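Work through the three exercises below with the structure open beside you, and try each task before reading its solution.

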Amino acid sequence: AASSNGKSLGAPFHTTAPHHNTAAGLEERTRISRRRMATNTNKATTVLVVVLLALLAAGAPLPSSATTWKSCGDGSEPITVHDVKLTPDPVVGGNDASFNVAASVVSGAPIAAGSITVDIKYAGAEIAHEHVDLCDTTTCPLPAEGPIAITYTKNIPPFIPPGKYTIEFHATIGEGPGVLFCIAVDFTVAIGPFLGTKQGDGGATPNELLLGDGHFWKAEAMQAALVAEQK
């Protein structure tokens with residue numbers, strides 16, 4: 001464009017928003033963010049697998065399969081745990097682990113609902129965490145008194161290292177703060193085909209198993225725990 005005196009006024013002024021503020025720009029930035037997240041997860045999983053291979057090459061000793069448990073409550077909880085059994089024991093990576101809790105209710109009143117916070121630790125580091133509905137693990141409502149059975153099942157990914165783990169169950173009443181029971185179970189994951197896949201998983205890779213489980217397993221934390229364990 002030019003003024004009446006013939007001098008250029010420069011490039012015309014654009015009234016449209018810059019590309020990065022448009023819907024297309026937002027979509028592009030979303031795609032970039034997702035690629036970065038996938039790349040970071042891939043790197044973490046790759047490093048984890050490399051560390052595992054190094055442990056096997058070094059002839060890391062295999063752990064015993066004894067499963068033990070202890071209460072982490074103060075003894076006043078309305079549910080008393082008598083025993084915890086793991087099936088199978090030890091667990092092999094790539095398979096389901098079922099924690100079967102034998103307990104009894106001593107509250108004197110029916111318990112209609114509750115939730116359980118589950119934490120799994122390796123070498124002292126939390127590598128998995130989730131909340132589950134108590135009624136998904138047992139029959140609700142719980143009786144006012146008498147025996148109950150609680151079962152929690154989780155797939156143990158094929159890429160986690162063999163060794164000793166601790167799983168903690170912290171059960172509360174409904175959505176409130178009242179504690180139903182609290183136990184910590186030490187269990188063993190035996191050496192298995194951690195670079196393979198469990199039957200029926202559709203040939204998923206370790207990274208796909210990680211992402212497909214709602215980020216239950218924390219690859220970065222597991223990697224850090226592995227490195228710390230070897231120092």
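**Exercise 1. A polar contact**

Find the distance of the polar contact that joins the side chains of Glu-130 and Tyr-152, and decide whether Glu-130 is buried or exposed.

Solution. Begin with the contact itself: in this predicted model, the side chains of Glu-130 and Tyr-152 are joined by a polar contact of 2.5 Å. Next, place Glu-130 in the chain, where it belongs to strand E6, which covers residues 125-133. Finally, turn to accessibility: Glu-130 has a relative accessible area of 18%, and because buried means under 20%, Glu-130 counts as buried. The partner, Tyr-152, has a relative accessible area of 6%, so Tyr-152 is buried by the rule as well.

**Exercise 2. The largest cavity**

State the volume of the largest cavity, name the residues that line the largest cavity, and sort the lining by class.

Solution. First comes the count, which by the rule used here is 1 cavity of 30 Å³ or more, and the volume of the largest cavity is about 30 Å³. Second, list the lining, which is made up of Phe-99, Val-101, Ile-150, Tyr-152, Phe-169 and Phe-181. Third, look for the strands behind these residues: strand E4 (96-105) and strand E7 (146-155) each contribute at least two residues to the lining. Fourth, sort by class, which gives 6 nonpolar residues, with no polar and no charged residues in the lining.

**Exercise 3. Aromatic pairs around Phe-169**

How many aromatic pairs does a search of the whole structure find, and what are the centre-to-centre distance and the angle between the planes for Phe-99 with Phe-169 and for Tyr-152 with Phe-169?

Solution. The search of the whole structure gives 5 aromatic pairs. One of them is formed by Phe-99 and Phe-169, with 5.9 Å from centre to centre and 65 degrees between the planes; because planes over 60 degrees apart count as edge-to-face, this pair is edge-to-face. The pair links distant parts of the chain, since Phe-99 lies in strand E4 and Phe-169 in strand E8 (residues 163-173), 70 residues apart. Both partners are buried, Phe-99 at 2% relative accessibility and Phe-169 at 4%.

Continue with Tyr-152 and Phe-169, whose rings are 5.4 Å apart centre to centre with 75 degrees between the planes, again an edge-to-face pair. Here Tyr-152 in strand E7 is linked to Phe-169 in strand E8, 17 residues apart. As a last step, place these rings in a wider group: Phe-99, Tyr-152 and Phe-169 belong to one aromatic cluster, which also includes Tyr-122, Tyr-165 and Phe-187.

Methods
Residues are numbered from 1 along each chain as its sequence is written. This is a predicted model: local features need pLDDT of at least 70, side-chain atom pairs count only at pLDDT 80 or more; totals for chains, interfaces and linings use all residues. Side-chain values use heavy atoms; hydrogens and water are left out. Helices (H or I, at least four residues) and strands (E, at least two) are DSSP runs, numbered from the N terminus. Buried means under 20% relative accessible area, exposed over 50%, partly exposed in between (1.4 Å probe, protein chains only). A polar contact is a pair of N or O atoms within 3.5 Å; within protein, one must be able to donate a hydrogen and the other to accept it, and residues adjacent in sequence count only if both atoms are side-chain atoms. On a 1 Å grid over the protein atoms alone, a cavity is a set of points where a 1.4 Å probe fits but cannot get out, and a pocket is an open set with protein on both sides within 12 Å along at least five of seven lines; lining residues have an atom within 4 Å of a point. Grid points are joined across faces, edges and corners, and a volume is the space filled by probe spheres set on the points. Ala, Val, Leu, Ile, Met, Phe, Trp, Tyr, Cys and Pro count as nonpolar, Asp, Glu, Lys and Arg as charged, and the others, Gly among them, as polar. Rings of Phe, Tyr and Trp (its six-membered ring) pair if their centres lie within 6.5 Å; planes under 30 degrees apart count as stacked, over 60 as edge-to-face and the rest as tilted.
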